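This report takes up strand pairing and salt bridges, together with the burial of the residues concerned.

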Amino acid sequence: MPCNVEIKAKLRDRQRVLEIVRRLSGSKEGTTLVQEDTFFAVPNGRLKLRVQTGCPGQLIFYNRSDQAGPKLSQYTIAQIHKPADVKATLGSALGILGTVQKTRRLFMVGQTRVHIDEVKGLGEFLELEVDPFMAADTHTHTHRWL
């Protein structure tokens, strides 16, 4: 199963983080993604249906601990071409836990995906995702500024 290591934090100074990420990534604006994640009740792990503007839907199953700090996340992703039908079907079968709407700015710093998220009703967050099997020296520079 593919995996990554994730670090999430509530943003206190969005402008300062944006300045640093722009400098490290070499991108002024990054890529803007508008996403809606619907979470379903499952007996283990987490299951969400992601609908993203301009892309096919994705059904994402993942296992990740609720501990503070860096977390290993193991996941599988299936492309979904009729997300509304899948949402209705899974919602009826499993129950919907909730929906999260966000605008994500994605930057790449080396092999690290840097997300700056505006989450409706929750605030602003920074998320880093990196493949744990990369050579350590390829992502050390990325995390130095945290």
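## Terms and model

A residue is called buried under 20% relative accessible area, exposed over 50%, and partly exposed in between, with a 1.4 Å probe and protein chains only. The model is predicted, so that local features need pLDDT of at least 70 and side-chain atom pairs count only at pLDDT 80 or more, while totals for chains, interfaces and linings use all residues. Residues are numbered from 1 along each chain as its sequence is written, and side-chain values use heavy atoms, hydrogens and water being left out.

## Strand pairing

Helices (H or I, at least four residues) and strands (E, at least two) are DSSP runs numbered from the N terminus, and two strands pair if DSSP finds at least two bridges between them. Strand S6 (residues 96-109) runs antiparallel to strand S2 (residues 31-40), to which ten bridges join it; among the partners, Asp 37 is matched with Val 100 in S6.

S6 also pairs with strand S7 (residues 112-119), in the antiparallel sense and over eight bridges, with Leu 106 facing His 115 of S7 as its bridge partner. Two residues lie between the strands of this hairpin, where Gly 110 takes a positive phi near 60 degrees.

## Salt bridges

With a salt bridge defined as a side-chain nitrogen of Lys or Arg within 4 Å of a carboxyl oxygen of Asp or Glu, the whole structure holds 15. One of them joins Arg 14 and Glu 118 at 3.2 Å, N to O; because Arg 14 lies in helix H1 (residues 14-25) and Glu 118 in strand S7, the pair ties together parts 104 residues apart in sequence. Arg 14 is buried at 16% relative accessible area, whereas Glu 118 is partly exposed at 38%.
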